[in-house]
Amino acid sequence: MNKVGAVLVVGAGIGGSQVSLDLAESGYKVYLVEKSTSIGGVMAQLDKTFPTNDCAMCIISPKLVETGRHHNIDLIINADIREVSGDAGNFTIKLTKRALHVNQEKCTGCGVCGQECPIEAIDTFNEGLSMCKATSVKYPQAVPLVYSINLEKCIGCGICYGVCKAKAVEYDQTDREIEINIGAVILAPGFDEFEPDSIKEYGYSKYRNVVTSIEFERILSASGPFAGKVLRLSDGDIPRKIAFLQCIGSRDMKRGQPYCSSVCCMYTAKEAVIAKEHFDVINPTIFCMDVRAYGKDFDKYIERAKDEYGVRYIKNRIASILEIPETKDLKISYETEDGKIVEEIFNMLVLSVGLNPPKDAKKIADVFNINLNEYNFCETSSFNPIQTSRPGIFVCGAFQGPKDIPETVTQASAAAGAVNVLLSEGKNTLITKKDLPEEIDVRGQPPRIGVFICHCGINIGGYVDVPAVTEYASSLPNVVMADRNLYTCSADTQTIIKEKIKEYNLNRVIVASCTPRTHEPLFQETIREAGLNRYLFQMTNIRDQCSWVHMHEPENATEKAKDLVRMSVNKARRIFPLERMTLDVIKKVLVIGGGITGMVAALDFAKQGYETYLIEKKNELGGISREIYSTLEGGNVQEYLDDLITKVKSQKNLNLYTSTHIEAIDGYVGNFHTTIKHGEIKIPVEFDHGVVIVATGANEYLPTEYQYGKDPRIIRQSELEEKIYKSPNELHNIKSIVMIQCVGSRNEEHPYCSKMCCAEAIKNALKIKELNPEINITILFRDIRTYGFKEKYYQKARQVGVLFIQFNENQEPELKIENGNLNIIVKKPDVGDISIKADLLALSVGIVSSRDEKEELAMQLKVPLNDDNFFLEAHVKLRPVDFATEGVFVAGLAHAPKPIEDCISQAKATVSRACTILSKDKIEAEGKIARIDPTRCTGCGLCVLNCAYNAIELQEDRRFGTIAVINEALCKGCGACSGNCRCSAIDILGFTGEQIFAMIMGRE
Amino acid sequence: MTDKSKEKSTEEWKPKIIAFLCNWCSYAGADLAGVSRIQYPPNIRVVRVPCTGRINPFFIIKSLAYGWDGILVSGCHPGDCHYISGNYIARRRFAILRDLMTFLGIEPERLNFTWVSAAEGERFAKIVRKTVENVKSVGPNKIFNKKW
Amino acid sequence: MNFEPKILGFLCNWCSYAGGDLAGVSRIQYPPNIRVIRVMCSGRVDPKFILSGLQVGIDGIIVMGCHHGDCHYLEGNYEAEVKFKMVKLLLSLVDLQDRIHLEWVSASEGVRFGEVVTSFTESIKKLGPSPLSGENFDQQLLEKLKAIELAAGGERLRALVASKRIIMEEGNIYGEKISQEELDEILISAIEDEFLRQQILLKLKNEPLSVKDLSQLLNIDSSVILKHIISLKARNLIDYIKIEGITPFYQKL
């Protein structure tokens, strides 16, 4: 059966966008279907993101623009899937695109219709905190920037039709049925927030100053309704004291959902920190049960929140909330750690609401015929977290279970990786490539500049004297024509621009209109279609940064527009064609590390026919998972591992080397060359490859605490697991087992959480209880971090009688051996010291990574390690498995401690990320990159230090001695090297010194 | 004095300020100010650069030499840089440059370095207002007294 | 001394003005309080005319036009009715709604003209002098009326009023008719919003104020004020000017 090289992606949040970009770049046609009117999902609503406090909009917006413009992504907004038929590799999908009543092709997003509309509606993007119009766009940076009419509110007055100069309003538009043929489906519909109305005690929607965390996110946002001022809703004052209540609708069997929503602890800490950053008078208090900061660098963030921002944590659920009628403050009563009930007054209350399955989860399950789990999230297995119950249909993001952005992005790429394996024979069959004319050689020609000035309906023309600017432009040197258009971006104007290029023999084109951030690629495409090099284009921003911001001073705005046009002309006279260097790609893969992560990745590459080299330091495969017998959810790890090893050993295209040491890795993306020595007699092997996957794993911590190693009754959790599965008889005579969590974790030496130890302890406890319910098990913990659906097992453990006792960070349990008995003493402020006698003491130790082991590889690949000696990815949020160095990827424990299912996700994610390179015969490098003048370079090496992408190297040159050399494949053109060069030897193409000086010097 | 300059001196002086904005955060922030129609003084002329790391100290010196009355450099917030660390490099560079310029007798009010994120349209407008005020407080740039 | 109200009449040229003339020719007697402004059609009467009349202390305003179907300009009087209704709604917010009146008087109804003017004059006499005239001049009310005038002249209310009749009678651009009740509901909520927003703007013109200040001055719940502050801020009509302690202050731009 033929496999169709097209994919349907359902939901265009950050997950859906990532899948689409990955697949479109890997040679698949993508239909991205979104039910709302623009892409971006919940992430676009967020102010900042943890744990880096990155501005969410800054990092998501370029990604959305890229998704919206990609020629192999067919973005279908405002649409619902109706019917799915067929099987993996060949599905037929019927969907309905609901009418927007605005022509998507014609709408320029200028917004005049919204301004003139007399009907106000609740702005759902701002969570109802502000109003928008019946004709509106979801948010100002929305992609696609298309207005639509809210039919529920519209009274049909017809004003928008009249004011739209682009004639984009079409009242008679009807819903449209679309049928598409695809090979695979990826579901990324995200989640819905828990609605706290149902729990009356919290006073939500009854008390004005009680808001949800997502509302608070909009309150914090600089582009939100309060412009980043933290104000309470009753009277617009800044709240001095804000209380955050966690686990609203989560871990709440009776009133909400029993599972943990995974992200609330962190986003709450972030919201508290950001609020404090906005106004120092704000004192945030967080009420929580456990602090579940289990991700990479999360614990450090919590510590900073406490120490630097003074965020107060109270580990208790509150007893009651009452509004004080006069002040609208909120009186909260709660139990303190030493057991007293106290009352405290807060000015504002934020409910950290949990993540629910999407409201239409059942409908999605019906349409796609997939199973949901007991909580109505998508059902998957622990060894394949992206596979739904129906072959050919994959899932990613919060629909699979509550998760944060990096995990969503990872899963998105993982799902794309799975599609790559499934549809590899259909790859590159349905993507389109444009036939472009030969580029006109403009070398040696004097500049002949054409300037197109846009009225943008009335958006520019209403404030800037466009005819005067046009006349002025035509008077400037080398300008051979200047014209003005109602909408320069409209399809018919593109034809006009092409005609003018021919008519006037233009070799430089300037468009003075809106912002290059959204429109430059469009015009570049136009001039390229007319035979001009893309880089012979300049854009002047006279709308977003001129007419719109100087509406009351038309003369000054006109003067500014003239200046800006002149500056652009000055630059345009000095621009020249740039070439995007193309590089051949060696379609082979190096995977470093033969644990589960490495094997999963290697298999998925080899299955697609890519020659794969899997190398392992030790003499056997399996890594750390050799010591794991079961997952918390009951998956049989050893069986899975054996199966994997068998597959790896028999897989075609997969070359396995054990007992291997890497001698050298040279080269760059697409063209690496590696030398290894393997086996006992160290046989040297050399090979070329295009990408590298780092899956080198990490180790279990060997404790020095609690007299470990001195007494056979004191063992690690993994040793206990071995006993359970290998010699359960040893447990017969045991009456009491004590487990201590966080041994060697979350301390000064290892200031991070290992994510899996809580699950380990509970898994072992449950298994022991199953073997012998008479054994008393006590787990001593700081926070129980059974995030997501793992919470179920925590509840189960408590039900079967496992005793959980919390201890304080500063008061770790003590071990006393008296008369040969193990006594563990826990200090509790409310009840005093507790002493527990144990026959067996199990230490839950974390995962550690040693610098000695990692440093050599880090140097060879020129990739960074973080303070904890784990590899540091390119971007914590949006590029979780990429390195800044292109063509090198990271997965598994090498990246951070995590359970097996996350490792598998990351492994598959690296497959997809790598396929964006491997699927191409040649890759194009950025045209606007750094260039070094060897006659000026002194070889001081400063630029090498400044380059974040390792794109510069010092090399010996026959004529000039030691000089810096740019690797064009790696350079991103940021210019950090250029600005610091002591001898002006480095210039940035597209932003050369000469060009910028020309702009500076053309002052008037 | 020519007639033209006489005429000029009688009108209210409008400082001209050159603004170097990084493409990913500050330029986007300036766009957002536009989309939200937040009004600010029309004295700035924007030069878009990929990253504040791209800005050569000479750009600033030349701008002053060529008679721009003030400079505004705005990049991403620390940690937000699209190019990982460009803004840190720029920050160090400008700290030194500012000291040097002040040492040379150039009023620090002419040199405005800041950061604006893509979500801070409001902040961008505020910064422009503040910059214009700063530059106005020290008057026209006569440092090099060059004729144009 | 007896109260002699000042009454302003807007009379359409073709029916009511002629009716007034006929009353004269027929020597029909009516109180001398009315001062007449001739307009070509009652549809010409801009809500702002009525509102500025009240602001200068006129005690009552009557608008007279042709009977339905008689309009010289076909439908001007229907439009007049919609506009008048909005003004009435706006004035009911400050309890001045009874000082204005709309009546249809044809060219042949000289007697009726006299009766209409007499009864309106009587009703205004009963109401007593306008709070915007004489000794008990109500400055606060004047400010509210100004806000009403600005609201009535604003784009939003004009758009609603201008399209109301056609949507009700002939159907909107989707070809659907919307009931009067539904449209009235939309109009009333728009009127309340715009009135309050204009009041806020007028207050913020003079001095920076906080949400709580505005709440006290306008006697409206502070959370409602905050909602409108957000809307005005989004339209760049006002901005934060300073923060004192924990309280932000706003000013008109």
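Q: How many residues of chain A are in contact with chain B, and how many the other way round?
A: 59 residues of chain A touch 59 residues of chain B. Contact means heavy atoms within 4.5 Å. This is a predicted model, where local features need pLDDT of at least 70, side-chain atom pairs count only at pLDDT 80 or more, and totals for chains, interfaces and linings use all residues. Side-chain values use heavy atoms, without hydrogens and water; residues are numbered from 1 along each chain as its sequence is written, with chains lettered from A and ligands numbered from 1 in the order in which they are written.

Q: What area is buried between chain A and chain B?
A: About 5,100 Å², and carbon and sulfur atoms give 58% of that. Buried area is the accessible area (1.4 Å probe) that two parts lose on being put together, summed over both.

Q: How many salt bridges between chain A and chain B?
A: Six. A salt bridge is a side-chain nitrogen of Lys or Arg within 4 Å of a carboxyl oxygen of Asp or Glu.

Q: What is the distance between the closest N and O atoms of B:Arg48 and A:Glu520?
A: 3.2 Å, and the two residues form a salt bridge.

Q: Which elements of chain A each supply at least two residues of the side that touches chain B?
A: Among them are helix H2 (56-69), helix H12 (516-529), helix H14 (554-572) and strand E52 (986-988) of chain A. Helices (H or I, at least four residues) and strands (E, at least two) are DSSP runs, numbered from the N terminus.

Q: And how do the residues on that side of chain A divide?
A: 26 nonpolar, 20 polar and 13 charged. Ala, Val, Leu, Ile, Met, Phe, Trp, Tyr, Cys and Pro count as nonpolar, Asp, Glu, Lys and Arg as charged, and the others, Gly among them, as polar.

Q: Switching to sheets. What is the order of the four strands in the open sheet of chain A?
A: E26-E25-E27-E28, with parallel pairing. Two strands pair if DSSP finds at least two bridges between them.

Q: Why is one side of strand E26 and of strand E28 left without a neighbour in the sheet?
A: Strand E26 (479-485) and strand E28 (537-541) of chain A stand at the edges; each has a single partner strand, so one side of each has no neighbour in the sheet. Neighbouring strands here are turned by 15 degrees against each other on average, direction ignored.

Q: How many bridges join strand E25 and strand E27 of chain A?
A: Five, in the parallel sense, between residues 449-454 of E25 and residues 508-513 of E27. A:Gly450 stands opposite A:Val509 in E27(A).

Q: Which strands of chain A does helix H10 lie across?
A: Helix H10 (residues 466-474) of chain A lies across E25 and E26, running at about 165 degrees to E26(A). Axes are lines fitted to C-alpha atoms, for helices over the stretch in contact, and angles run from 0 to 180 degrees between N-to-C directions.

Q: Now chain B. What is the strand order in its open sheet of four strands?
A: E2-E1-E3-E4, and the pairing is parallel. Strand E2 (44-49) and strand E4 (111-115) of chain B are the edge strands, each pairing on one side only. The twist averages 20 degrees from one strand to the next.

Q: What is the bridge partner of B:Val73 in E4(B)?
A: B:Phe113. Strand E3 (residues 70-75) of chain B and E4(B) pair in the parallel sense over five bridges.

Q: Which strands of chain B does helix H5 touch?
A: Helix H5 (residues 121-138) of chain B packs on the sheet and touches strand E1 (17-22), E2, E3 and E4 of chain B. Helix H4 (residues 86-103) of chain B lies across E3 and E4, at about 160 degrees to E4(B).

Q: Backbone oddities next. Is the peptide bond from A:Phe50 to A:Pro51 cis or trans?
A: Cis, with omega near -5 degrees. A:Pro51 lies in the loop between strand E3 (48-49) and E4 of chain A.

Q: What is phi of A:Asn376?
A: Near 75 degrees, a positive value in a residue other than glycine.
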